[in-house]
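Student: I should like to take a close look at a single part of this structure. Could you please describe one residue and its surroundings, and then set it within the whole?

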Amino acid sequence: GADPRFDSPVLRGFDMRNAQYLNGLRLMRSQGAPSYDIYGLERVEVLKGPASSLYGSGTPAGVINMVQKHAQFKDAYEAGTGLSVDGDAEVFFDANKALTDTFAARVTGKLAKTEEDIDELTNKRGYLGLATRWSPSDATTIDFLGSYQKDSPITPAGIPFALTGQGNDEDLRDLYAGDASVDDSDRRMSNIGYELHHEFDSGWALDQSARYQKFDWDYAGFYVRGFTSPSTVQRGVIFQDEDTWTANLDTRMSGNIQTGPLDHNLLFGLDLRKYGDNTTTEFANASDLDITSRTSATVGAPWYTTTDDLTLEQA
């Protein structure tokens with residue numbers, strides 16, 4: 001998507017921000033959204049078209065399911081670092097260990113900083129993932145999955161297109177229209193859950209997934225409202241305090257029966273979800289910025305405030 005703060009994929013022309021899943025359970029969102037670190041994933045599944053209705057709530061275009069790295073019954077270790085010419089830097093590790101014949105554990109971590117096109121804006125991110133797998137018999141497997149992510153993304157304020165082509169485009173490309181004393185972003189996301197798979201002697205199988213997610217984001221960032229002259233832009237500030245949580249429980253029974261010459265693959269399921277959202281959003285005007293002589297911003301009182309305090313229950 002166009003906003004570097006969070007995932008905003010588009011599939012078949014549809015906005016997919018409300019059709020993203022983590023480990024088969026839907027990611028809920030308010031004004032902002034998560035941006036799950038790709039290094040913590042073992043794969044991304046994209047299911048297009050009406051078949052996506054098997055997942056439950058989604059879009060006619062499909063659903064996107066991200067799968068966290070699971071523990072495996074093998075030993076594997078990885079560590080590395082990365083650098084870019086733009087100043088990005090990261091260190092990461094992934095360690096998987098089969099502790100016994102029936103129990104395995106995996107720890108994944110990453111520390112990174114990403115530089116935006118604007119020199120004053122840097123996104124620092126830390127990720128830690130923990131996974132265990134217990135398989136007491138050939139018929140039963142239980143996976144525990146947990147993760148914690150903390151980062152600080154801020155979107156550049158941008159500039160009015162009408163200011164381009166005036167002879168100072170190179171300076172405009174690097175223009176920081178915000179104020180470091182006001183800009184702030186602190187996003188935290190925690191996930192904890194399990195996956196259960198059990199095969200019965202009758203040929204039927206039980207699958208159950210559960211996850212509790214906590215999402216908090218304190219944000220203050222500038223945006224450009226317009227311009228009053230070729231060198232003066234009008235600015236505003238958005239303040240957001242987002243506090244959400246989601247509890248998911250999905251249970252499925254699948255099996256095969258025969259009626260005469262016909263084979264039937266049957267799937268029965270119950271998907272329960274509870275979502276709490278407590279979010280406050282404020283908009284305020286800030287002092288104009290002369291792009292030829294940058295000065296500190298003065299922020300006025302909020303001219304618009306809205307608060308969401310809701311609980312959603314769905315079955």
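**Arginine 26 and its surroundings**

Tutor: In this predicted model, a polar atom of the Arg26 side chain lies 3.1 Å from the backbone oxygen of Asn18. Arg26 itself belongs to strand S4, which covers residues 25–26. Asn18 is also one of the residues in contact with Arg26 once the neighbours within four places in sequence are set aside. The others on that list are Gln20, Tyr21, Ser57, Arg211, Asn248, Arg273 and Gln314.

Is Arg26 paired with an opposite charge? What stands out is that Arg26 is buried and yet has no salt bridge. The nearest side chain of opposite charge is that of Asp271, at 7.9 Å. A salt bridge here requires a nitrogen and a carboxyl oxygen within 4 Å.

One contact of Arg26, namely Arg211, leads on to the empty spaces of the model. A search of the whole structure yields four cavities of 30 Å³ or more. The largest cavity has a volume of about 80 Å³, and 13 residues line it. Those closest to its centre are Asn23, Leu145, Gly193, Ala210 and Arg211. Strands S12 (184–199) and S13 (205–229) each supply at least two residues of this lining, and the largest share, five residues, comes from S12.

The largest pocket should be considered separately. Its volume is about 670 Å³, and its lining consists of 31 residues. Nearest its centre lie Gly24, Leu54, Tyr55, Asp250 and Arg252. Among the strands that each supply at least two lining residues are S5 (41–48), S11 (140–151) and S14 (232–259). Strand S15 (262–290) is also one of these strands, and S15 gives the most to the lining, with six residues.

Arg26 may now be set beside charged residues that do have partners. The count for the protein comes to 20 salt bridges. In one of them, Asp37 is joined to Arg125, with the closest N and O atoms 3.2 Å apart. This pair links distant parts of the chain, for Asp37 is in the loop between S4 and S5 while Arg125 is in strand S10 (residues 122–137), 88 residues away. Asp37 has a relative accessibility of 3% and therefore counts as buried; Arg125, at 16%, is buried as well.

A second example is the salt bridge between Arg106 and Asp94, at 2.7 Å from N to O. Arg106 lies in strand S9 (residues 103–115) and Asp94 in strand S8 (residues 89–98), so this salt bridge ties together parts that are 12 residues apart in sequence. Both Arg106 and Asp94 are buried. Salt bridges with shared partners also join Asp37, Glu90, Lys110, Arg125, Asp151 and Arg187 into one network.

A third example has partly exposed partners. Glu45 forms a salt bridge with Arg43, the closest N and O atoms being 2.8 Å apart. The relative accessible area is 28% for Glu45 and 40% for Arg43, and each is partly exposed.

Finally, the whole may be described. The protein contains one helix and 16 strands, and its C-alpha atoms fill a box of roughly 80 × 40 × 35 Å along the principal axes. Of its 315 residues, 41% count as buried, and Arg26 is buried too. Among contacts with a separation of 6 or more, 65% are between residues 24 or more positions apart.

Key: Residues are numbered from 1 along each chain as its sequence is written. This is a predicted model: local features need pLDDT of at least 70, side-chain atom pairs count only at pLDDT 80 or more; totals for chains, interfaces and linings use all residues. Side-chain values use heavy atoms; hydrogens and water are left out. Helices (H or I, at least four residues) and strands (E, at least two) are DSSP runs, numbered from the N terminus. Buried means under 20% relative accessible area, exposed over 50%, partly exposed in between (1.4 Å probe, protein chains only). Lys and Arg count as positive and Asp and Glu as negative; His and the chain ends are not counted. A polar contact is a pair of N or O atoms within 3.5 Å; within protein, one must be able to donate a hydrogen and the other to accept it, and residues adjacent in sequence count only if both atoms are side-chain atoms. Contact means heavy atoms within 4.5 Å. On a 1 Å grid over the protein atoms alone, a cavity is a set of points where a 1.4 Å probe fits but cannot get out, and a pocket is an open set with protein on both sides within 12 Å along at least five of seven lines; lining residues have an atom within 4 Å of a point. Grid points are joined across faces, edges and corners, and a volume is the space filled by probe spheres set on the points.
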